[in-house]
Amino acid sequence: MHGAAIAQRAAPAGGAASIADLSLEQLGSIEVTSVGKRVQRLADVAGSVYVVSHEDIRRSGATTLPEALRLAPNLQVARADANQYAIAARGFNSVLANKMLVLIDGRTVYSPLFSGVFWEAQDVLLEDVERIEVLSGAGGTLYGSNAVNGVINIITRSAAETQGALVEAGGGGERRLAAARYGFAAGDMHWRAYAKRTLTHSSELGSGAPVRDAAQHSQAGFRGDGFLDDTQLTVQGDVYRSAIDQVPAAREISGWNLLGRATRDLGSAGRVQLQAYFDHTGRDQPGAVHDALDTFDIDLQHLWQPRPGHQFLWGAGWRAEDDRLTNLAPAVLSLLPPDRREQLWNVFAQDEVELRDRLRVTMGIKAEHNAYTGLEWLPNLRLAWEFAPRHLLWAAASRAVRAPARVDRDFYSPLINGGPFFRSEIAHVYELGLRGQPKPQLSWNATLFHHRFDRLRSIDLTPAGVTLNNNFEAQLTGVETWAQWRASERWRLQAAYAWQHLNAQPVPGAAPLLGVSSLGNDPRYRASLSSSWDLPHRMELDATLRRVGALPAPAVPAYTALDLRWGWHVSAGLELSVALRNLGGRHPEWGAPASRAEFGPNVFAKAEWRL
């Protein structure tokens, strides 16, 4: 079940591993939890899911979560400035993208202000990340609203795997960082504690002028894992604060969270998991709003296997959100009422049955209630057929919704107001996938998808003024594919390609003031080629070449970039590395020409000690 499984890893705790230590056959046996909320082999999953492993992150040289997410070929990641990113799967991308659900160790990190993620506020110690599971496609049956186009599930390692001390320090043209972590055992529990500090330099405009977006971020946290009889226990928490420069004054982000999870084996009655967390976030946006949000969430899941080949999962959850907002410039923009308290609840069930040898069907449905639109139904149907050894053909049909956020209903300004009757956006998602491993050295994955969207957000002139409404509809068609080839014991290659076409139009009889460009900004295609090579003398060389197509509105030209990393394991406890990014020239990735940042070649050197 999600958050409770310990998957196979590419590197043992306390040391790095060669790429030859994990064969492609073992890669197919990696355990994932995001598609079925239970442990499954990646090769058996009836969904388009990509796993970014701990070793992938280490060898990429990534220093932030968004940069690590670039490794997932089923995600579009565009950097807007020194701190902000636009991240989405299958269209509708923006820095306020609202159709992706993001989890960190089972804790939902989206903002009810706009149903999206403030990526500049999300951070973890990347050395502690076990894996990142990226599911593209609807995940509403198990995860609820906002899992419309995908789920990003960030899973950190058990404290038992992070014993001893770790210290790392690095710096370069874009940022400097320092971090420390210490793990220890106490009784039947393993613990770790960490702290990190990051200083990010300002990005630059095309003219070379600074953007004024430098940032300082501090974060600390802990995690404990252990057993009490047949119950597996996890408790963890984080506290953080950031100051990000901007005109006219810096915005400040802060917060803390505490999560507890208990998983118990019931023998023939299955496995049950209870999880609860509290999350406080604060955001001070000078000249706009000061926002304080408290979230309490509790979730229960029960997995039962009535007989071999039959898995039944059901659960229920309840969430309370207390959002307290101060409108700093009510004549310019405001959210009314400034304070809003909401309760959300859900129940779901999902049944997976083996119809006959190597043919499985999964049926599920979730009932979710929110304060804006009441009860929403989120069904899901999946079929998986292993038609040949190590070859899986799967199909899926799902319904997902993006429930209204505060900005849709409560927003007021002299130009645009929220829509009092704004309804949930709806997606009907159809997928056909094929995954295979024709040879021990070669594996590949391909997914065709078609999404039909109804009631997408629009800006319309109405008798009440200019308001937000649901007067767009759209059809999205595309393909996402990737392949891995182990050319030798020391050299591995990966290639990926994604293409999509969005056809959006107003509903009959409507004439929104802004065109379809208000829905998001996406490239028609993106492609990448990666190489990982183990060199003699405990050295390694990694390279990633990526090509991203042009964005239509505002227009951003296509670009090609090359990232390189050289690493040297000086000893069992010391690793040195140098990463070169964006080789190939300066380029923008997001925004209008007059105000957008451009990113060029930069270097980052890091030293990591393990004791």
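These are worked exercises on the strands, aromatic pairs and surface of one predicted model.

Before you start: this is a predicted model, where local features need pLDDT of at least 70, side-chain atom pairs count only at pLDDT 80 or more, and totals for chains, interfaces and linings use all residues. Residues are numbered from 1 along each chain as its sequence is written, and side-chain values use heavy atoms, with hydrogens and water left out.

**Exercise 1. Work out in which order the five strands of the open sheet stand, and which ones are at the edges.**

Step 1. Get the terms straight. Strands are DSSP runs (E, at least two residues), numbered from the N terminus. Two of them pair if DSSP finds at least two bridges between them.

Step 2. Follow the pairings. β3 (residues 48-53) runs antiparallel to β8 (residues 129-136), with six bridges between them. Next, seven bridges join β8 to β9, again antiparallel. Then β9 (residues 150-156) runs parallel to β6 (residues 100-104), and five bridges hold that pairing.

Step 3. Read off the order: β3-β8-β9-β6-β7, with mixed pairing. β3 and β7 (107-108) each have a single partner strand, so they're the edges, and one side of each is left without a neighbour in the sheet.

Step 4. Try spotting some partners on the model. V49 stands opposite L135 in β8, and S53 has R131 as its bridge partner there. Further along, V134 is bridged to I152 in β9, while M100 faces G150 in β9.

**Exercise 2. Decide whether β3 is buried or exposed.**

Step 1. Use the cut-offs: buried is under 20% relative accessible area, exposed is over 50%, and partly exposed is in between (1.4 Å probe, protein chains only).

Step 2. Check each face. In a regular strand, side chains alternate between the two faces of the sheet. In β3, S48, Y50 and V52 are buried on one side, and V49, V51 and S53 are buried on the other.

Step 3. Conclude. Six of the six residues of β3 are buried, so the strand is largely enclosed by the rest of the structure. β8 gets the verdict of largely enclosed too, because eight of its eight residues are buried.

**Exercise 3. Classify the ring pair Y50 and W482, then W256 and F278.**

Step 1. Rings of Phe, Tyr and Trp (its six-membered ring) pair if their centres lie within 6.5 Å; planes under 30 degrees apart are stacked, over 60 edge-to-face, and the rest tilted. The structure holds nine such pairs.

Step 2. Y50 and W482 have ring centres 5.4 Å apart and planes at 90 degrees, so call this one edge-to-face. The pair links β3 with β28 (residues 465-488), 432 residues apart. Both Y50 and W482 are buried.

Step 3. For W256 and F278, the centres are 5.1 Å apart and the planes at 40 degrees, so this pair is tilted. W256 sits in β16 (residues 251-265) and F278 in β17 (residues 271-285), so the pair ties together parts 22 residues apart in sequence. W256 is partly exposed at 40% relative accessible area, and F278 is partly exposed at 27%.

**Exercise 4. Find which residue's charged end sits over the ring of F449, and which over the ring of F92.**

Step 1. The test is NZ of Lys or CZ of Arg within 6 Å of the ring centre and within 35 degrees of the ring normal.

Step 2. R90 is the one over F449, 4.1 Å from the ring centre. For F92 it's K99, at 4.9 Å from the ring centre.

How values were computed:
Helix = DSSP H or I, 4+ residues; strand = E, 2+ residues; numbered from the N terminus.
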